[in-house]
Amino acid sequence: MSDADLKDDLPGEAEDIAVVDAPESESLDEDNRLKPEFVRSVKEALHEEDSDRVYDLVEPLHPADIADLFELVDERERLTLARSIRDLMGVEVIAEMNDWVREALMEALPADVVAEIAGELDTDDAVAMLEDLDEEDQQAVLAEMEPEDRAAIESALSYPDESAGRMMSRDHVAVPETMTVGDLIDYLREHRELPTEFWEVFCVDPMHRPVGTCALSWILRCPRNIPLYDVMARDQTLIPADMDQEEVALRFQKYALISAAVVDKSGRLIGQITVDDIVHIIQEEAGEDALLLSGAGDGDINEPIRDAYSARVRWLIANLLTATLASSVIAMFEDTISRMVALATLMPIVAGLGGNAGTQTLAVTVRALATNQLTASNAWRAVRRELSIALLNGCTVAVVIGIAVSLIFGNVILGLVIALAMMTNILIAGMAGVFVPLTLERLKADPAIASSIFVTMTTDSMGFLVFLGLATVSGLVG
């Protein structure tokens, strides 16, 4: 059989399958990133309005590298780049784009062009492209779409943000459980409108509720006359459409899933989520928690300056208020500090180490909460563990700092005071690092957002209070 005959016999969109050659070496470096000189060449061609040269430079690139190119050129050059490469702006490029870059580009393009692009994307990718647009732009694009595509996207947009209903794909294969293996194979071969890529077939009852799954490997190896209900796996993980995407990712991780059925409130099959979607979610959620702890907003270098400013300044104002509280504690001991300058030198050490210890405990606790390692069942065990670690750390650091201060300042009492203050503050930091996120979790607040503010406030204030208070009552300052 010739290649042409084989191509004609393949179902669906096999005629679109082609071998993609690797991009030329002058475009990518050894780390598979676009070379600066290549990006400069594209920028020069854009500046000279030489669209043919831009096209020739970009044409050999993989769609993912083209998406990266849009992020690397200046914002004002992106629309010109899109116009210059014309037919290279396929759905693969749009799907791979950075969210902020894609949103800005979609807002700049005419609604009918965006609608055409969205119509060619999978539903989950189209929803990701449209959900961040302004309501007016979103409605304008939807009005230009085919009724079937519009209905699917509007249905997805009706689910909560970052839910399974938003991220699921409606392209799946579902068949009656009464089918035989042979009937299923014939069905898959004959119906060209079925998805071209899938790992398992969902078996459904007459109410279209999933009752089992059949892996493709089973289907290919079973005799044709075997009914699906005899070979399907009945034990399956069903994902409610309103489940948060973070919980979806945890289920995929826990049960080692490749794909999972998404069901509505009545239990009917409405879509599926595949592991390639989950990889993106895991990366997104991990980065999000780290950025929330620092108050850096979305933390994307393509995020508009105004949005980044708005996210970060709120955090800084909150920290200003907590710093004021710590300063008020210092003001209470102004007379003590004025009579012994060494106290002012050593205060930041006590507060700083306490803050670092609190951050360590906080990071572990927030991660454990995010991955469901820490629940109500083992909360107290986790508390005892972190307090034990804090006590050991506190004693170790206290001995080191106590001996060092005694030798440097020639004052044993001062060494004992700072040692005791250090041990106490690290213990307090450990308590704050675990109790603050647990309390926020109990109050249904995101522990990653506000925990570090309270932990820092606690370690700074208590560090100053304990150190200066001990210095006062010990008689160290005459």
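A salt bridge here is a side-chain nitrogen of Lys or Arg within 4 Å of a carboxyl oxygen of Asp or Glu. With that in hand I looked up Lys-43, Asp-74 and Arg-76, and they are linked in a network of salt bridges.

**Ground rules**

I am working on a predicted model, where local features need pLDDT of at least 70, side-chain atom pairs count only at pLDDT 80 or more, and totals for chains, interfaces and linings use all residues. Residues are numbered from 1 along each chain as its sequence is written, and side-chain values use heavy atoms, with hydrogens and water left out.

**Overview**

I get 23 helices and six strands for the protein. Both kinds of element are DSSP runs numbered from the N terminus: helices are H or I with at least four residues, strands are E with at least two. Of the 478 residues, 43% count as buried. Buried means under 20% relative accessible area, exposed means over 50%, and partly exposed is in between (1.4 Å probe, protein chains only). I also checked contacts, meaning heavy atoms within 4.5 Å. Among those between residues at least 6 apart in sequence, 63% join residues at least 24 apart.

**Salt bridges**

Searching the whole structure, I find 12 salt bridges. I looked at a few of them.

Arg-166 pairs with Glu-131, and their closest N and O atoms are 2.6 Å apart. This pair links distant parts of the chain: Arg-166 sits in helix α12 (residues 164-167) and Glu-131 in the loop between α9 (123-130) and α10 (135-144), 35 residues apart. Arg-166 is buried at 15% relative accessible area, while Glu-131 is partly exposed at 25%.

Arg-209 meets Asp-205 in a salt bridge at 3.2 Å, N to O. Arg-209 counts as partly exposed at 36% relative accessibility, and Asp-205 is buried at 14%.

Arg-339 and Asp-335 form a salt bridge at 2.8 Å, N to O. They are four residues apart in helix α19 (residues 334-339), so about one helical turn separates them. Arg-339 is partly exposed at 45%, and Asp-335 is partly exposed at 48%.

**Glu-177, a charge without a bridge**

Which side chain of opposite charge is nearest to Glu-177? I found Arg-234, 4.4 Å away; Glu-177 is buried yet has no salt bridge. For charge, Lys and Arg count as positive and Asp and Glu as negative, with His and the chain ends not counted. Glu-177 lies in the loop between β1 (174-176) and α13 (181-190). Leaving aside neighbours within four places in sequence, I see Glu-177 in contact with Cys-203, Val-204, Asp-205, Val-211, Leu-228, Tyr-229, Met-232 and Arg-234.

**Two buried residues**

Gly-212 is in strand β3 (residues 210-215). I get a relative accessible area of 0% for Gly-212, so it is buried. Gln-236 is 24 residues from Gly-212 in sequence, but the two are 6.5 Å apart in space, C-alpha to C-alpha. Not counting residues up to four places away in sequence, Gly-212 touches Val-201, Phe-202, Cys-203, Met-232, Ala-233, Arg-234 and Gln-236.

Leu-105 is in helix α7 (residues 99-108) and is buried at 3% relative accessible area. The C-alpha atoms of Leu-105 and Leu-79 are separated by 6.6 Å, with their positions 26 residues apart along the chain. Apart from neighbours within four places in sequence, Leu-105 is in contact with Phe-70, Arg-78, Leu-79, Ala-82, Met-89 and Met-97.

**Helix pairs**

Axes are lines fitted to C-alpha atoms, for helices over the stretch in contact, and angles run from 0 to 180 degrees between N-to-C directions.

How do α4 and α5 cross, and within what distance do their axes come? For helix α4 (residues 63-72) and helix α5 (residues 78-85), I get roughly 150 degrees, with the axes coming within 9 Å. That makes α4 and α5 roughly antiparallel; the cut-offs are under 35 degrees for roughly parallel, over 145 for roughly antiparallel, 65 to 115 for roughly perpendicular, and oblique for the rest. Their crossing is right-handed, the near helix being turned clockwise from the far one by less than a right angle (anticlockwise would be left-handed). At the interface, Ile-66, Leu-69, Phe-70 and Glu-71 of α4 meet Arg-78, Leu-81, Ala-82 and Ile-85 of α5.

Helix α21 (residues 379-409) and helix α22 (residues 412-442) pack at about 160 degrees, with their axes 7 Å apart. I therefore put α21 and α22 down as roughly antiparallel too, and α21 passes α22 in a right-handed crossing.
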